[in-house]
Amino acid sequence: MSGAMSWPFLRLYILVLLYFSANAILNVIIPLQGAFLGASSTTIGLIMGAYMFTTMFFRPWAGKIIQKHGPIKILRIILIINGFALILYTLTGLGGYLIARILQGVSTAFFSMALQIGIIDALPEKDRSQGISYYSLFSYIPGIVGPVLALAIWQTGGMDYFTVVLIGIAVCTGIFGYTAKMEKDKEGTQSAADASGQNVSMWESFGQLVKNPLLFRCSVLMLSASVVFGAVTTFIPLYASQISGGNAGVYLMLQAGTVVLARIALRKRIPSDGKWHSPFMMTTMLLLAVAAQCVSFSVTGGMVFFYLGAVLMGIAQAILYPTLTTYLSFVLPQLNRNVLMGLFIATADLGISLGGVIMGPIADLSSYSFMYTICAILGAVMIVFAYERRKAATGTS
């Protein structure tokens, strides 16, 4: 095997799988442990949301720091911080969980940027999209097994297993990360150097989130959808107990498995022409809205609607991010494209964070079912938003 599937890159994908395995377990354990300790949905949402909010905050600067010091050096430092955060979960309660989530957020901001920049720098242009696709797929694979493992750990009542698993993940991730190597592709490195020679103010780039109508539209769609994804990740472990025949591990496994399979099956159907395909995006947001409403209705309709919501949510999640990212890669200005793409990804981080922070109080004041109905309404509004922006978003740079 060569290119994106050569052994050095397979090691990186395994590193991605190991790194995100901890999150797949923690996304189930933290809400359950929080409820067991008497925390409200608001408190649990804040703790869970702190992770992606911190990631969002640090991501725009991660690319600049990595470009200056190199991805491998930054990666090794970040894995130490991540290992400390994972160990902290095993030693503390809710207060320590919040600190650990913040540390994990910092780690993930730099980890994801270091891996993606490293892959882009190391691969020739013809293999880069394939390398990034494999990175994305391996980051979702832990979500298939992790939730079931987390529930098994929880149901045994032994948090000693939780400690052993997290420490094991921290050690294995550290070993794989410390021995990772990424050699830069000479042609790609020169292109990056040429591009970096033209400095654009970070604050000017921030302003483009509003001034650039193409970036604004994509960011609003990604932000809104991510609020729904965040609400699912945070509260499904608690909501599943209210569903007849519902199981949080099966739901999260089904959703993550659908994302992986849909990414593979639909990879050639993602528009890649720099044009805004309004019907395609409207259908994607419709899937999201229907998925959220199925989850909401499942408290009455039962587990069939619950698991149907997982499949539809997985399809929408698989389509949305690569579609918007591919579109922006065509229409954003070359001068500061990487920074603007980082800001776009940050809106996804913010949305996932808000899914816990905002939806938690709504669930406390009403119910989880009503909260997911609000998510469905948000998705429905985005259908109209995508259609109205069709003309403004058509064209290539």
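**Exercise 1. Find where helix 2 bends and by how much, then compare its span with the expected one.**

Step 1. Helix 2 bends by about 45 degrees at Arg 59, and the proline Pro 60 follows within four residues. The bend at a residue is the angle between axes fitted to the seven residues ending there and the seven starting there. Helices (H or I, at least four residues) are DSSP runs, numbered from the N terminus.

The model is predicted: local features need pLDDT of at least 70, side-chain atom pairs count only at pLDDT 80 or more, and totals for chains, interfaces and linings use all residues. Residues are numbered from 1 along each chain as its sequence is written, and side-chain values use heavy atoms, with hydrogens and water left out.

Step 2. The expected span is 1.5 Å times one less than the number of residues. For the 29 residues of helix 2 this gives 42 Å, and the end C-alpha atoms are 41 Å apart, which agrees.

Step 3. After helix 2 comes Gly 70, with a positive phi near 95 degrees.

**Exercise 2. Describe how helix 2 and helix 10 cross.**

Step 1. The axes of helix 2 (residues 41-69) and helix 10 (residues 213-239) come within 10 Å and cross at roughly 140 degrees. Axes are lines fitted to C-alpha atoms, for helices over the stretch in contact, and angles run from 0 to 180 degrees between N-to-C directions.

Step 2. Helix 2 and helix 10 are therefore oblique to each other. Angles under 35 degrees count as roughly parallel, over 145 as roughly antiparallel, 65 to 115 as roughly perpendicular and the rest as oblique.

Step 3. The crossing of helix 2 and helix 10 is right-handed. A crossing is right-handed if the near helix is turned clockwise from the far one by less than a right angle, and left-handed if anticlockwise.

Step 4. Helix 2 contributes Ser 41, Ile 44, Gly 45 and Met 48 to the contact, and helix 10 contributes Thr 233, Thr 234, Phe 235 and Leu 238. Contact means heavy atoms within 4.5 Å.

Step 5. By class, this contact of helix 2 with helix 10 has four nonpolar, four polar and no charged residues. Ala, Val, Leu, Ile, Met, Phe, Trp, Tyr, Cys and Pro count as nonpolar, Asp, Glu, Lys and Arg as charged, and the others, Gly among them, as polar.

**Exercise 3. Do the same for helix 10 and helix 12.**

Step 1. Helix 10 and helix 12 pack at about 25 degrees, with axes 12 Å apart. They are therefore roughly parallel.

Step 2. Helix 10 passes helix 12 in a left-handed crossing.

Step 3. The residues of this contact of helix 10 with helix 12 divide into 12 nonpolar, two polar and no charged.

Step 4. Helix 12 bends by about 30 degrees at Val 295.

Notes:
Helices (H or I, at least four residues) and strands (E, at least two) are DSSP runs, numbered from the N terminus.
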